[in-house]
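Biologist: I have a fold in front of me and would like to talk through how its pieces fit together. Could you walk me through it?

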Amino acid sequence: TNPPTTQSTAITVSAATSVQDALADIDRRYKGSSPITLKINPGASNALAQQIINGAPADIFFSASREWATAVEKAGRAEKSVELLTNKLVLIVPQGNPAQVKSPEDLLKENVKHVALAGEKVPAGKYGQQALTKLNLFAKLQEQKKLAVGDDVRSALAFVSSLEADAGIVYATDAIVAEGKVEVVYTFDPLLHDQIVYVLVLLKDAPEKEAAQRYFDYLQSPAAITVFERFGFVPLGAP
């Protein structure tokens, strides 16, 4: 353990919106044992990666896909990275399922007016589009002008929980956070989309290198993994 310092160190974590609730919980525990201020900058992984590549100050990047972690690595901004978690893609409906959606095929029914998805560059949106395309539904839903596209996975979740959309595609973990407002009616086969991988990246020019390194290690610890699991994430390499 390090001797307590009088000065508090601030670490900035640019994190995919889908991990923000789990991180907030982990941060509360971590702060109890370390004189540190943690700033979570939540957003879509593609937007966060772009900010980091353009020089935005951050210590850690928590990406919801390999693609955007790799972009940051290729730009020379990554010190090291680790593939940490995976997730599932689910079809959700508002509580009570007013449009009676049971499967992806039901999205084509006349009583379904809007289907919420994250944007095509956002990992959740990309995985969702891949799954719908493999099921031969994406082009049809586009033709029917049913797709309501949000900035990130949490806006797709909000469309459904506020009844603006009859169904939506989000992560299983998002559905857990919105319990009571939405219900899961279908879980997509992981073979229908690229593997969902959350990558933790320690950034090269992290303003608070030492503190960031300690937090980067902590997020891989059994204590942190237990919290991620409680929020519905599955550690990679878990049986």
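Modeller: Gladly; what follows is a short exchange about helix packing, a sheet and some salt bridges, all in a predicted model.

Biologist: Let's start with α1 and α9: at roughly what angle do their axes cross?
Modeller: Helix α1 covers residues 20-33 and helix α9 covers residues 222-230. α1 passes α9 in a right-handed crossing, with contacts from Ala22, Leu23, Asp25, Ile26 and Arg29 on the α1 side and Ala224, Val227, Phe228 and Arg230 on the α9 side. Their axes come within 9 Å, and the crossing angle is roughly 145°.

Biologist: Which residues of α8 meet α1?
Modeller: Helix α8 (residues 209-218) and α1 have axes that come within 12 Å and cross at roughly 115°. From α1, the contact uses Leu23, Ile26, Asp27, Arg29 and Tyr30. Their partners in α8 are Arg214, Tyr215 and Tyr218.

Biologist: Asp25 caught my eye. Is aspartate 25 buried or exposed, and which residues share its salt-bridge network?
Modeller: Anything under 20% relative accessible area counts as buried, so aspartate 25, at 10%, is buried. Aspartate 25 forms a salt bridge with arginine 29, with the closest N and O atoms 2.8 Å apart, and another with arginine 230, also listed at 2.8 Å, N to O. The network links Asp25 with Arg28, Arg29 and Arg230.

Biologist: How many residues apart in sequence are the parts tied together by arginine 230 and aspartate 25?
Modeller: Arginine 230 is in helix α9 while aspartate 25 is in helix α1, so their salt bridge ties together two separate parts of the chain. By contrast, aspartate 25 and arginine 29 both sit in α1, four residues apart. For arginine 230 and aspartate 25, the separation is 205 residues.

Biologist: Now the sheet: which strands are at its edges?
Modeller: Five strands make up an open, mixed sheet in the order β7-β6-β8-β5-β9. Inside it, β5 and β8 pair in the antiparallel sense over four bridges, with leucine 91 opposite isoleucine 169. An edge strand pairs on one side only, and here those are β7 and β9.

Biologist: And which residue partners lysine 126 in a salt bridge?
Modeller: Lysine 126 belongs to helix α4, which lies across β5, β6 and β8. Its partner is in helix α3, so the pair ties together parts 59 residues apart in sequence. At 3.0 Å, N to O, the partner is glutamate 67.

Technical notes. Residues are numbered from 1 along each chain as its sequence is written. This is a predicted model: local features need pLDDT of at least 70, side-chain atom pairs count only at pLDDT 80 or more; totals for chains, interfaces and linings use all residues. Side-chain values use heavy atoms; hydrogens and water are left out. Axes are lines fitted to C-alpha atoms, for helices over the stretch in contact, and angles run from 0 to 180 degrees between N-to-C directions. A crossing is left-handed if the near helix is turned anticlockwise from the far one by less than a right angle, and right-handed if clockwise. Contact means heavy atoms within 4.5 Å. Two strands pair if DSSP finds at least two bridges between them. A salt bridge is a side-chain nitrogen of Lys or Arg within 4 Å of a carboxyl oxygen of Asp or Glu. Buried means under 20% relative accessible area, exposed over 50%, partly exposed in between (1.4 Å probe, protein chains only).
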